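Hi everyone, thanks for having me. I'd like to walk you through one structure today, so have a look at the picture while I talk.

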Amino acid sequence: MTFAARSTYGPVAAAFLLAAAPGAAIAETTQERLRRGDAVVRGLNNGAPQAVLEGMRREFPFLAEATEGYALGDVWSRPGLDNRTRQLAAVAAFAAMGEPGFIKVHAGYALNIGVSEEELKEIIYMVTVPAGFPRAIAASRALAELFAERAASGRSPEE
């Protein structure tokens with residue numbers, strides 16, 4: 001058999017094998033991605049599920065599964081950054097985008113894993129440069145609410 005013949009049959013055989021059992025391969029991959037995503041959330045949220053994600057799961061199950069599988073299971077679980085760096089980057093990005101709800105979620109995770117309130121404030125100060133004062137001020141209000149909620153519940157800032 002020539003090289004040209006072998007290289008033609010290889011892709012055809014692989015396509016045939018994948019077509020024979022696509023459901024099993026996809027289901028296994030999806031379940032693994034969801035498991036990794038759940039582990040990411042629980043690792044950042046003191047072992048608890050994430051309330052927003054659980055609410056979304058009831059009303060928008062496809063969106064919840066996509067968030068858990070892709071955003072958390074595929075992207076957030078990558079080995080290239082530690083959780084501290086990921087959370088600081090997420091807070092900065094959501095602040096720059098003007099997304100106070102997401103700022104609170106990710107700043108809460110950051111506090112859970114040892115980031116200080118002062119470090120989070122510094123992130124917001126940095127946002128003034130690329131995103132402007134209105135976004136930074138809105139982000140500062142979201143952080144102030146989060147800090148107050150945690151204090152009212154008796155949690156220390158880094159707890």
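Let me begin with a crossing: helices α6 and α8 cross in a right-handed way. Keep in mind that what you see is a predicted model.

So who is touching whom there? From α6, the residues in the contact are Pro-100, Ile-103, Lys-104, Ala-107, Gly-108, Leu-111 and Asn-112. From α8, they are Ala-139, Ala-142, Leu-143, Glu-145, Leu-146, Phe-147, Glu-149 and Arg-150. Sort the residues of this contact by class, and you get 9 nonpolar, 2 polar and 4 charged.

Now the geometry. Helix α6 covers residues 100-112 and helix α8 covers residues 133-152, and their axes come within 9 Å of each other, crossing at roughly 50°. Why do we call this pair oblique? Angles from 35 up to 65 degrees fall outside both the roughly parallel and the roughly perpendicular groups, and therefore α6 and α8, at roughly 50°, count as oblique to each other.

There's another pair to look at. Helix α5, residues 83-97, packs against helix α7, residues 117-131, at an angle of about 45°, and the axes are 9 Å apart. These two are therefore oblique to each other as well, and their crossing is right-handed. On the α5 side, you'll find Arg-84, Leu-88, Val-91, Ala-92, Ala-95 and Ala-96. They meet Glu-119, Leu-120, Ile-123, Ile-124, Val-127 and Ala-131 of α7. By class, that contact has 10 nonpolar residues, no polar ones and 2 charged ones.

Next up is helix α4, residues 61-76. Which of its residues are buried? They are Ala-64, Glu-68, Gly-69, Leu-72, Gly-73 and Trp-76. Here's a handy bit of background: an α-helix has 3.6 residues a turn, so residues three or four places apart point the same way. Try that on the buried list when you get back to your desk.

One more thing about α4: a straight helix of 16 residues would span 22 Å, but this one spans only 20 Å between its end C-alpha atoms.

Finally, let's zoom out. How many helices and strands are there in the chain? There are 8 helices and 0 strands, so to speak an α-α-α-α-α-α-α-α run from the N terminus on. The chain has 159 residues, and 29% of them count as buried. And if you take the contacts with a separation of 6 or more, 64% are between residues 24 or more positions apart.

That's my tour, thanks for listening!

Notes:
Residues numbered from 1 in each chain as written. Predicted model: local features only at pLDDT ≥ 70, side-chain atom pairs only at ≥ 80, totals over all residues. Heavy atoms only, no water. Helix = DSSP H or I, 4+ residues; strand = E, 2+ residues; numbered from the N terminus. Expected span 1.5 Å × (residues − 1). Buried < 20%, exposed > 50% of the residue type's maximum accessible area, 1.4 Å probe, protein only. Axes fitted to C-alpha atoms, helices over the stretch in contact; angles between N-to-C directions. Parallel < 35°, antiparallel > 145°, perpendicular 65-115°, else oblique. Left-handed = near helix turned anticlockwise from the far one by under 90°. Contact = heavy atoms within 4.5 Å. Nonpolar A, V, L, I, M, F, W, Y, C, P; charged D, E, K, R; others polar.
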